[in-house]
Amino acid sequence: MTSTKATNNTMIKNLSMIVAAAEDGAIGRGGDLIWRISADLKRFKTLTMGHTIIMGRKTWDSLPKGALPGRRNVVVTRDKNFSAEGADVYNSLEDAIDSCKGAETFIIGGAQIYRQAMPMVSKLFLTRVYASYPDADAFFPEIIADEWDIANEEVAAETPDGLRYQFIDLIRK
């Protein structure tokens with residue numbers, strides 16, 4: 001009999017990952033984003049609205065107003081006493097994913113959750129930031145190019161202060 005429980009080596013059809021990562025993999029510093037790219041934040045909202053988002057406790061803590069509206073918020077933490085107003089809390093990533101029952105679901109961070117979920121996601125919505133941040137303290141795992149096909153790649157754009165970025169959508173082979 002085949003198990004329907006999520007495992008770290010099983011790709012899950014409706015499980016996607018969304019991230020803005022620098023060329024060196026940097027995604028955060030001091031519990032916050034390193035940059036603010038308006039178009040990236042709008043894209044994040046558009047893609048995740050109406051769906052389930054799964055995040056680690058540190059990512060939850062970084063949200064300025066708590067639960068993101070219009071989405072089912074799921075927090076993964078090892079702290080069995082943790083509660084988060086407006087979110088469902090699970091003590092393992094596998095249990096969190098299993099709770100989604102096939103709904104369109106996005107892994108939204110942070111670094112530890114991204115690492116755990118990478119083998120399970122079928123789609124990756126990447127905002128590539130063309131810069132390096134040696135002082136970052138949170139990093140996205142390496143993307144193994146031959147595991148992915150490019151589904152969509154937009155022309156690189158630039159923020160008003162000169163930061164170059166590009167939206168790239170990947171689908172697991």
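Hi everyone, let's start with a strand pairing: strand β1, residues 12–22, runs parallel to β7, and eight bridges join the two. If you want a place to look in that pairing, find I18, which stands opposite F125 in β7. Please keep in mind that this is a predicted model.

Now stay with β7 for a moment. On its other pairing, β7 meets β11 in the antiparallel sense, over seven bridges. Here the residue to find is R128, which stands opposite Q166 in β11. So how enclosed is β7? Strand β7 covers residues 121–129, and eight of those nine residues are buried, so the strand is largely enclosed by the rest of the structure.

Let's move along to β11, which spans residues 164–172 and contains R172. Is R172 buried or exposed? R172 counts as buried, because its relative accessibility is 15% and the cut-off for buried is under 20%. What does this arginine touch? Leaving aside residues up to four places away in sequence, R172 contacts M11, M118, P119, M120, V121, S122, E147 and W148. With M118 there is also a polar approach to point out: a polar atom of the R172 side chain lies 2.4 Å from the backbone oxygen of M118.

On to the aromatics. How many aromatic pairs turn up in a search of the whole structure? The search finds four. One of them is W35 with Y133, a tilted pair with 5.3 Å from centre to centre and 45° between the planes. Where do these two rings come from? W35 is in the loop between β2 (26–28) and α1 (38–48), while Y133 is in the loop between β7 and β8 (138–139), so the pair ties together parts that are 98 residues apart in sequence. Both W35 and Y133 are buried.

Another pair is Y165 with F167: the ring centres are 5.6 Å apart and the planes are at 55°, so this pair is tilted. Y165 and F167 are both buried as well.

One last ring before I hand over. Take a look at Y130, where the charged end of R164 sits over the ring, 5.0 Å from its centre.

To pull the strands together for you: β7 pairs with β1 in the parallel sense and with β11 in the antiparallel sense. And if you open the model afterwards, R172 in β11 and the W35 and Y133 pair are the places I'd happily show you on screen. Thanks for listening!

Methods:
Residues numbered from 1 in each chain as written. Predicted model: local features only at pLDDT ≥ 70, side-chain atom pairs only at ≥ 80, totals over all residues. Heavy atoms only, no water. Helix = DSSP H or I, 4+ residues; strand = E, 2+ residues; numbered from the N terminus. Buried < 20%, exposed > 50% of the residue type's maximum accessible area, 1.4 Å probe, protein only. Polar contact = N/O pair within 3.5 Å; in protein donor to acceptor, adjacent residues only side chain to side chain. Contact = heavy atoms within 4.5 Å. Pairing = 2+ DSSP bridges. Phe/Tyr/Trp six-rings, centres within 6.5 Å; stacked < 30°, edge-to-face > 60°. Lys NZ or Arg CZ within 6 Å of the ring centre and 35° of its normal.
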